Amino acid sequence: MGSIPFVNQSKMQQLSDNSLMLKVKSGELDKLGLLYERHKKRLFGFFYNMNSDAMTSEDLVQNVFVRMMKYKHSYSGEGSFLAWMFSMARNVNNDYHNKNKKSRNQYELSTVEYKLEATETIENTMDQKDAIAQLNRAMQNLSTDKREVLILSKFKEMRFSEIGQVLGCSENTAKVKAHRALKELKTVFNQMQIP
């Protein structure tokens, strides 16, 4: 008798995100909890990369799942669940910043981590930390749209087809936007390197 819940839990973990969200849509609201467990860290990283505030990011993650519950009827099950979820996350983020305009300038990409090799010296480590700080400042100089596309493509490792769905454009347009944003980031970063 104790193994039956375990088997059911195991089956739930094998269900795709699309299947779980369709179950939520049909009234099995408890399935949203599994989606939350699967995606809370990914969403937190997205929000933290956008606003550099852990408490706000936690609140915004919660808001995404509240919206998913509220708008479950709009989920069709076609396309990528991640794209649908990140579209909601993007809207939650925009709504938050429209309400709190003073925090718009506090963007930072502080979760970028580089692996240091054991043989590097302390001086190299300090140089790398300086480069990360400069990258953070360069990201702050980009528009919100360009930061978003870079975070989704480079740090959240979403496919361009999914990013296109999130941004409401084609896959090719998403690629172009990411390329242009990366090019601008490199330009800004390089200008910061000039003494």
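Nine salt bridges are counted in this predicted model. One of them joins arginine 38 to aspartate 17, with the closest N and O atoms 2.8 Å apart; the pair connects distant parts of the chain, since arginine 38 belongs to helix α3 (residues 32-51) and aspartate 17 to helix α2 (residues 17-25), 21 residues apart. Of these two partners, arginine 38 is partly exposed, with a relative accessible area of 27%, whereas aspartate 17 counts as buried at 18%.

A salt bridge is also formed between the side chains of arginine 159 and glutamate 162, at 3.3 Å from N to O; here arginine 159 is exposed, with a relative accessible area of 55%, while glutamate 162 is buried at 6%. In the pair of lysine 175 and glutamate 171, the closest N and O atoms are 3.8 Å apart, and because the two residues lie four positions apart in helix α9 (residues 171-193), about one helical turn separates them. Both are partly exposed, lysine 175 with a relative accessible area of 37% and glutamate 171 with 38%. In addition, Glu28, Asp30 and Lys31 are linked in a network of salt bridges.

The largest pocket encloses about 160 Å³ of space, and its lining includes Thr56, Asp59, Leu60, Val92 and Tyr96. Helices α4 (54-70) and α5 (81-99) each contribute at least two lining residues, with α4 giving the most, namely six. By character, the lining divides into four nonpolar, two polar and four charged residues. Helix α5 also contains asparagine 93, which is buried, with a relative accessible area of 0%; beyond its neighbours up to four places away in sequence, asparagine 93 touches Phe47, Met50, Asn51 and Leu60.

Notes:
Residues numbered from 1 in each chain as written. Predicted model: local features only at pLDDT ≥ 70, side-chain atom pairs only at ≥ 80, totals over all residues. Heavy atoms only, no water. 1 Å grid on protein atoms, 1.4 Å probe; cavity = no way out; pocket = protein on both sides within 12 Å on 5 of 7 lines; lining within 4 Å. Points joined across faces, edges and corners; volume = space filled by probe spheres on them. Nonpolar A, V, L, I, M, F, W, Y, C, P; charged D, E, K, R; others polar. Buried < 20%, exposed > 50% of the residue type's maximum accessible area, 1.4 Å probe, protein only. Contact = heavy atoms within 4.5 Å. Salt bridge = Lys/Arg side-chain N within 4 Å of Asp/Glu carboxyl O.
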